[in-house]
Amino acid sequence: MRDTNMIRFFLLLLPFIEGAYASYINITDCFIKFRANANQSLDTSGLVNANGGSVLPSDIMNAIGLTYEMCLSQCGSGTQSPTWANVSQQFGAWLLPYLALISQLPFGAKHKVDNLMSAILTIGSPVLAGYSMILTILNANWISRRFDTISFPNTKDAVRILISLQQHPLRITHEGPLLSSLVVLPQNDDWWPTIADCLDYVHTWSIASVTSIAWVVVAYLLTVASSLSDVPSNINSNGQGTGSVWLWLIPIVIGWLQLSPKCDYARVKKAMENADAMASVATADHGVAAASDISDKRALSIDINTEDPSSPDEMLTPPVFNYARAISWSRSAEDVFNTFRIASNNARSHVPVKTGAPWINANRRNFIEPSNREGNASEVEAYCRLPRYAVRSPWATGMFFRMFVASLLPLALQWATTGAAVLVVYFTPTVGLGCRSLGYLIYGAFATMIWAMLVISSILSHFAFSHSDRPRSTFSSPTVRLAKVVSNLLRWGGKLLAIINAIWIIAAGMLQFTSVYDNCYCNSSVLGRGAQYAYDIIVMDGLVDLSQTKAAWFGALALAGSTSLGFIFYMSLLTDLVPL
């Protein structure tokens, strides 16, 4: 009975299968037959030369293409029948190595679905991935330089900790003497190096990552050399455009391997929990107690379970989500810096923590005697308190400038690789804007839109979060609510668009490999030339000058390759400036 139902189901599908295969056409055979008939009748209408011009009756056999309207009427609107050997070869050479390289991106989220979303965001918007990467290292460089200006115990370990926690939602508790005790009290001198050492693990180059990158580079160079040596072969299904549009993935993977982000949620969470048992806090009676004996709050925490984060993406540890937490991290890092800075200024002025106590000079240079750093809770808190005239801005110093700088090179990388892909297919006969080049332009435009939407969302969400606990006026409350709503809409829209764009760029390559674009409409570049002036170059055998196509392909290789190398070089320079 089951077999009978299967047979019936197949018979019902058979007409649709036959209809699908009937839509395949052979444009080359169609053109050759049409040209042969035209040679007998001496009717040159619809035949074109290499420049799209009409041919003379005496030159009919040198015609190499058809006008779009003639191609459509004589050959139909179907697509060229694919050669499956060519499909597998093109896919294996141009696309498969990149899909394998995605596995070398840093993940480490608590849930697998978040790791999947990070991969989708990276593919859907390389601009966002590059932006998050460069902003991460610019923030690390910024906080490192700021701490270089102060002299106080544990500053170097504080820098290491702050930089390591960029992939986590860093929270600073301003209530009571928690943070000031962590900075000032000598009992906490072991806390800083302990947690810094626990976070000092490296996720960098491995045999698997080197092999994957080498596979992509070698495959790309060999396939480019092969396609340049035989341009006419499978020219309409050639994957050089696909290889160029994915080239951004190599510098992105190499950049994260150089940066080695601490994004392993379980490992970092365990390190923070182990260090919390060592934290001490000053008490009102000039004593010191374990912070865990007083409350569950900590001076520094990665509050994964916070009920109202500035943005839900801030809680996700894969580094592509750094765009969402960079602003809040910078604000928290500057709060820690200011606490150290004020304590350092008091120490330089030989002001001890305990009110009225004399300053005890040390026998060593740049060393502060522990007795100068002891006091009760109110004294410790006052020792690190900002002056009354100081206004705490919700935005860290220079944040927007760093965001601007972090945007430049990723935008250049995105449009250099996308532009290289467009060049390849634009200058492939028939020259002009067609289905293939439009597909790449859509990918680049969507990738840029996703980046813009999510960055604006991060700004609005931080604005709403930073103003949510302030006294509300009739103006500020609706403004904060509106900012939160717009932020959510932009984040949801950006992620949805990223899913669509990631699927699209993979599908675009497969559409080209399977010759779906190989039809009268796409081959004639109707989008750029218009139906009236469009034509399809069909026969390439020695009758078409492909020097312009070769030059464009070489130019595309130079554009995408030089920009990718420039990105890698820039990242190498930046990582050398930061104590990672």
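**Disulfides, helix packing and a cavity in a predicted model**

The torsion about the S-S bond of cysteine 30 and cysteine 75 is about -95 degrees, so this disulfide is left-handed. The structure described here is a predicted model. In general terms, a disulfide is a covalent bond that connects the sulfur atoms of two cysteines. Here the two sulfur atoms, of cysteine 30 and cysteine 75, lie 2.0 Å from each other. The pair ties together distant parts of the chain: cysteine 30 sits in helix α2 (residues 27-41), cysteine 75 sits in helix α3 (residues 68-75), and 45 residues separate them. A search of the whole structure gives three disulfides.

Attention can now turn to a pair of helices. Two packed helices are described by the angle between their axes and by the distance between the axes. For helix α6 (residues 126-147) and helix α18 (residues 435-467), the axes come within 7 Å and cross at roughly 45 degrees. Because of this angle, α6 is oblique to α18. On the α6 side, the contact is made by Pro126, Val127, Leu128 and Tyr131. Helix α18 contributes Tyr443, Ala447, Thr448, Trp451, Leu454 and Val455. Sorted by class, the residues of this contact are nine nonpolar and one polar, with no charged residue.

What about empty space inside the protein? The structure holds four cavities of 30 Å³ or more, and the second largest of these has about 90 Å³ of space. The residues that line the second largest cavity are Leu178, Ser181, Leu182, Trp191, Asp276, Ala279, Ser280, Val281, Ala291, Arg298, Ala299 and Leu300. Helix α8 (178-184) and strand β6 (280-282) each supply at least two residues of this lining. The largest share, three residues, comes from α8. In terms of class, the lining of the second largest cavity is made up of eight nonpolar, two polar and two charged residues. This mix can be set beside the contact of α6 with α18, where no charged residue takes part.

Two details of the backbone complete the picture. Most residues other than glycine have a negative phi, and most peptide bonds are trans. Asparagine 154, which is not a glycine, nevertheless has a positive phi of about 75 degrees. Asparagine 154 is placed in the loop between α6 and α7 (155-164). The peptide bond from proline 429 to threonine 430 is cis, and its omega is near 0 degrees. Threonine 430 belongs to the loop between α17 (399-426) and α18.

Methods. Residues numbered from 1 in each chain as written. Predicted model: local features only at pLDDT ≥ 70, side-chain atom pairs only at ≥ 80, totals over all residues. Heavy atoms only, no water. Axes fitted to C-alpha atoms, helices over the stretch in contact; angles between N-to-C directions. Helix = DSSP H or I, 4+ residues; strand = E, 2+ residues; numbered from the N terminus. Parallel < 35°, antiparallel > 145°, perpendicular 65-115°, else oblique. Contact = heavy atoms within 4.5 Å. Nonpolar A, V, L, I, M, F, W, Y, C, P; charged D, E, K, R; others polar. 1 Å grid on protein atoms, 1.4 Å probe; cavity = no way out; pocket = protein on both sides within 12 Å on 5 of 7 lines; lining within 4 Å. Points joined across faces, edges and corners; volume = space filled by probe spheres on them. Disulfide = S-S within 2.5 Å.
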